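I opened a fresh notebook page for this one. Below are my entries, in the order I looked things up.

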Amino acid sequence: MTTMKKSIHDNANGLDYTLVNDHYLPNLTAAASAEYPTGRWGRLHKMYLKEQHPIRYNQLLLSGELSGYLAKLDKQAEEQLALTVQQMQESEGVTEALKAADQLEWVRRMNSIRNRAEEIIKSELIFV
């Protein structure tokens with residue numbers, strides 16, 4: 001009876017294998033990836049990918065690109081949101097003068113603008 005080696009290296013594919021019970025299993029590790037902070041938009045898109053596009057999610061996760069991809073998307077969404085809110089404010093005449101004259105009206109209009117801008121971001125960047 002021959003004893004099996006605890007680990008072996010396969011030159012054909014460059015993988016190392018470890019003996020587990022009577023089988024050799026490859027020593028696989030997830031790709032090392034830098035951790036990037038992910039905000040609200042990145043988390044929303046991550047949930048969307050998990051539920052609606054699991055293959056794409058797994059590809060990004062296993063390649064180590066997921067956190068960088070989500071951080072980039074989050075930053076892009078934040079910038080787009082700020083720009084959209086600013087453009088809507090200008091087009092609807094929501095100014096500092098209105099804020100000084102009627103604060104409640106200004107808050108109502110700003111909430112409306114922000115909600116509409118967030119829906120635009122969701123439909124154009126997050127849920128696609």
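These notes go from the whole chain down to single residues.

**Entry 1: what I am looking at.** I noted at the start that this is a predicted model. I then looked up the secondary structure and found five helices and three strands. Reading along the sequence, I wrote down the order as β-β-β-α-α-α-α-α.

**Entry 2: overall dimensions.** How does the radius of gyration of the chain stand against that of a compact globule of 128 residues? I got 25 Å for the chain, where such a globule would have a value near 14 Å. I also looked up the box that the C-alpha atoms fill along the principal axes, and it is roughly 95 × 25 × 25 Å.

**Entry 3: surface and burial.** I found that 26% of the 128 residues count as buried. The accessible surface comes to about 9400 Å², and carbon and sulfur atoms hold 54% of that.

**Entry 4: contacts and charges.** I took the contacts with a separation of 6 or more and asked what part comes from residues 24 or more positions apart; the answer is 55%. For charges, I counted 15 positive and 17 negative ones, with mean positions 3 Å apart.

**Entry 5: the largest nonpolar core.** I was reminded here that in soluble globular proteins nonpolar side chains tend to be buried together. In this chain, the largest nonpolar core has 15 residues, and Ile121 and Ile126 touch the most other members. Helix H3 (66-92) and H5 are the elements that give two or more residues to this core. The largest share is from H5, with seven residues.

**Entry 6: Ile126 and a second core.** I followed Ile126 further, leaving aside its neighbours within four places in sequence. Its contacts are Trp41, Leu44, His45, Tyr48, Leu73, Ala77 and Ile121. I also noted another core, lying apart from the largest one, with five residues, including Leu49, Tyr57, Leu66 and Leu70.

**Entry 7: Glu118.** Is Glu118 buried or exposed? I placed this residue in helix H5, which spans residues 103-126. Its relative accessible area is 11%, so Glu118 is buried, given that buried means under 20%. Which residues are in contact with Glu118, once neighbours within four places in sequence are left aside? I found Arg40, Trp41 and Leu81. Trp41 also turned up in my list for Ile126, so I have marked Trp41 in both entries as a contact of Glu118 too.

How values were computed. Residues are numbered from 1 along each chain as its sequence is written. This is a predicted model: local features need pLDDT of at least 70, side-chain atom pairs count only at pLDDT 80 or more; totals for chains, interfaces and linings use all residues. Side-chain values use heavy atoms; hydrogens and water are left out. Helices (H or I, at least four residues) and strands (E, at least two) are DSSP runs, numbered from the N terminus. The radius of gyration is taken over C-alpha atoms; the globule rule is 2.2 Å times the number of residues to the power 0.38. Buried means under 20% relative accessible area, exposed over 50%, partly exposed in between (1.4 Å probe, protein chains only). Contact means heavy atoms within 4.5 Å. Accessible areas come from the Shrake-Rupley method with a 1.4 Å probe; for residues, only the protein chains shown count as cover. Lys and Arg count as positive and Asp and Glu as negative; His and the chain ends are not counted. The place of a charge is taken as NZ of Lys, CZ of Arg, CG of Asp or CD of Glu. A nonpolar core is a set of buried Ala, Val, Leu, Ile, Met, Phe, Trp, Tyr and Cys residues joined through side-chain atoms within 4.5 Å.
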